[in-house]
Amino acid sequence: MQARILVVEDEAAIRRGLCDVLAYHGHEPVPVATGTDGLREALTGRYDLLILDVMLPGVDGLTICEQARQAHPRQAILMLTARGGESDVLEGFRRGADDYVPKPFSVAQVVARVEALLRRAGVSERFEVAGLPVDATRLSAGDTPTVELTRRDVELLAYLARTPGRPVSRDELLREVWGYAITRGVETRCVDMHIAKLRKKLATVTRREIVETVRGAGYRVPG
Ligand code: CA
């Protein structure tokens with residue numbers, strides 16, 4: 001099921017980046033650049049999830065959060081907070097936010113938080129990699145039969161599937177999927193081992209090689 005997600009963020013590059021990745025994951029993001037528009041949209045209650053920046057022109061994100069929470073007690077709300085903005089985090093929770101992501105964030109971080117919130121809100125999330133259906137809610141791949149995956153497996157597949165046909169380096173995977181800030185040579189082996197295990201699982205539901213090795217470049221999914 002597709003989730004309708006309101007993205008209230010005044011920085012155009014971040015707003016566009018968020019919307020692209022949410023759309024990629026099969027959702028329907030609705031971008032809004034000001035707090036005033038954000039508040040009006042949030043109060044309609046037509047969204048499965050609100051993603052709110054704190055500092056916004058017009059009405060700030062914390063106020064939107066509070067009013068949306070009052071109007072719709074079950075609304076899922078994710079705040080984007082500035083680095084070191086502990087007071088924003090606490091204030092966000094006090095005003096009814098479900099979770100937060102500190103800026104600067106990686107795509108994998110945001111996707112993981114969004115998935116977790118939608119899961120809690122009862123919205124399921126599916127996507128396809130090279131024709132293979134992946135269910136990020138149930139953590140499984142394939143139709144019948146299905147195979148169980150780990151959360152990291154799903155995040156890895158989701159990341160590779162964003163750019164089919166493009167080899168992604170082990171360093172990039174460590175950074176974006178594992179969340180390592182700095183990568184060292186020795187850690188790239190953990191990517192190889194993880195992918196070897198993932199391939200074994202996927203081989204039980206598809207004959208096609210879903211994660212291909214590109215010598216000297218990394219891994220990719222077929223385009
Ligand atoms: Ca801002």
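**Close-up views of a helix pair and a calcium site**

**View 1. Helices H2 and H3 meet through a short list of side-by-side residues.** In this predicted model, Gly35, Gly38, Leu39, Ala42 and Leu43 of H2 make contact with Ile64, Gln67, Ala68 and Ala71 of H3. Sorted by character, the residues of this contact comprise six nonpolar and three polar ones, with no charged residue among them.

**View 2. The axes of H2 and H3 come within 9 Å.** Here we look at how the pair is arranged. H2 covers residues 35-44 and H3 covers residues 61-71. Their axes cross at roughly 15°; since angles under 35 degrees count as roughly parallel, the two helices are therefore roughly parallel to each other. The crossing of H2 past H3 is right-handed.

**View 3. Three protein donors surround the calcium ion.** Asp10 and Asp53 each contribute OD, while Met55 offers its O. These donors lie 2.1 to 2.3 Å from the ion. Along the chain, they follow the spacing D-x42-D-x1-M.

**View 4. The two aspartates of the calcium site come from separate parts of the chain.** Aspartate 10 sits in the loop between strand S1 (4-8) and helix H1 (12-24), and aspartate 53 belongs to strand S3 (residues 49-53), so the pair ties together parts that are 43 residues apart in sequence. Do take a look at their surroundings too. Aspartate 10 is partly exposed, its relative accessible area being 33%. Aspartate 53, at 5% relative accessibility, counts as buried, because buried means under 20%.

Technical notes: Residues numbered from 1 in each chain as written. Predicted model: local features only at pLDDT ≥ 70, side-chain atom pairs only at ≥ 80, totals over all residues. Heavy atoms only, no water. Axes fitted to C-alpha atoms, helices over the stretch in contact; angles between N-to-C directions. Helix = DSSP H or I, 4+ residues; strand = E, 2+ residues; numbered from the N terminus. Parallel < 35°, antiparallel > 145°, perpendicular 65-115°, else oblique. Left-handed = near helix turned anticlockwise from the far one by under 90°. Contact = heavy atoms within 4.5 Å. Nonpolar A, V, L, I, M, F, W, Y, C, P; charged D, E, K, R; others polar. Donors = N, O, S within 2.8 Å, 3.2 Å for Na, K, Ca; no water. Buried < 20%, exposed > 50% of the residue type's maximum accessible area, 1.4 Å probe, protein only.
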